[in-house]
Amino acid sequence: MIPNPYQKYMDRVVTTMTPAQLLIALYDKAILELNKAVIFIEEKDIPKAHNSITRVSDIVDTLDASLKEKYEVSKNLAALYEFFREELIKANIKKDPEILKSLIPFFQELRDTFDEASRNLQ
């Protein structure tokens with residue numbers, strides 16, 4: 001079987017990212033999927049909205065699993081990620097774009113904070 005060149009490229013990109021770059025990429029993807037879910041709900045494309053919301057939930061699970069318990073900030077982030085999960089479930093059940101829109105600034109703020117922190121460490 002011939003490997004998909006795009007998939008091969010993406011695998012290489014991900015495996016060569018620093019932990020900070022990977023974290024920022026996860027937040028970027030979550031923001032993208034939240035915006036897509038809002039559009040899909042507004043267009044009444046429920047299956048695509050569900051898929052986008054599920055992707056964000058998977059990203060939140062990945063972010064949560066990457067936390068190091070020995071740091072105080074990890075406890076705060078874990079609580080925030082739990083809040084995100086609860087809101088995503090509500091938004092998915094109700095297909096409520098307003099809930100999703102309210103989450104986007106949180107993800108953007110976290111993304112920007114980690115981006116700034118990673119630049120300060122260089």
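Is lysine 44 buried or exposed? In this predicted model, lysine 44 is exposed, with a relative accessible area of 67%, and the legends below take that residue up again after an overview of the fold.

**View 1. Overall fold of the predicted model, built from five helices and zero strands.** Read from the N terminus, the elements of the protein follow the order α-α-α-α-α. The C-alpha trace spans about 45 × 45 × 20 Å along its principal axes, and 30% of the 122 residues of the protein count as buried.

**View 2. Lysine 44 in the loop between α2 and α3.** The backbone of lysine 44 has a phi near 65 degrees, which is a positive value in a residue other than glycine. Most residues other than glycine have a negative phi. The loop that holds lysine 44 joins α2 to α3, and the residue is exposed there, because its relative accessible area of 67% is over the cut-off of 50%.

**View 3. Lysine 95 in the loop between α4 and α5.** A positive phi is found here too, in a residue other than glycine, with lysine 95 near 50 degrees. Lysine 95 belongs to the loop between α4 and α5, two helices whose packing is described in View 5.

**View 4. Packing of α2 against α5, with the axes 9 Å apart.** Two packed helices are described by the angle between their axes and the distance between the axes. For α2 and α5 the angle is about 165 degrees, and the two helices are therefore roughly antiparallel to each other, since an angle over 145 degrees counts as such. The crossing in which α2 passes α5 is left-handed. By class, the residues of the contact of α2 with α5 comprise 17 nonpolar, three polar and five charged.

**View 5. Packing of α4 against α5, with the axes 10 Å apart.** The angle between α4 and α5 is about 150 degrees, which makes α4 roughly antiparallel to α5. As it passes α5, helix α4 does so in a left-handed crossing.

**View 6. Isoleucine 24 of helix α2 and arginine 111.** Isoleucine 24, located in helix α2, counts as buried because its relative accessibility of 9% is under the cut-off of 20%. Although isoleucine 24 and arginine 111 are 87 residues apart in sequence, their C-alpha atoms are 5.6 Å apart in space.

**View 7. The largest pocket, with a volume of about 570 Å³.** The lining of the largest pocket is made up of 23 residues, and those that lie nearest its centre are Pro19, Leu23, Ser66, Leu77 and Phe114. At least two residues of this lining are supplied by each of the helices α2 (19-42), α3 (46-65), α4 (72-94) and α5 (97-120), while the largest share, seven residues, comes from α2. Divided by class, the lining of the largest pocket has 17 nonpolar, five polar and one charged residues.

Methods: Residues numbered from 1 in each chain as written. Predicted model: local features only at pLDDT ≥ 70, side-chain atom pairs only at ≥ 80, totals over all residues. Heavy atoms only, no water. 1 Å grid on protein atoms, 1.4 Å probe; cavity = no way out; pocket = protein on both sides within 12 Å on 5 of 7 lines; lining within 4 Å. Points joined across faces, edges and corners; volume = space filled by probe spheres on them. Helix = DSSP H or I, 4+ residues; strand = E, 2+ residues; numbered from the N terminus. Nonpolar A, V, L, I, M, F, W, Y, C, P; charged D, E, K, R; others polar. Axes fitted to C-alpha atoms, helices over the stretch in contact; angles between N-to-C directions. Parallel < 35°, antiparallel > 145°, perpendicular 65-115°, else oblique. Left-handed = near helix turned anticlockwise from the far one by under 90°. Buried < 20%, exposed > 50% of the residue type's maximum accessible area, 1.4 Å probe, protein only.
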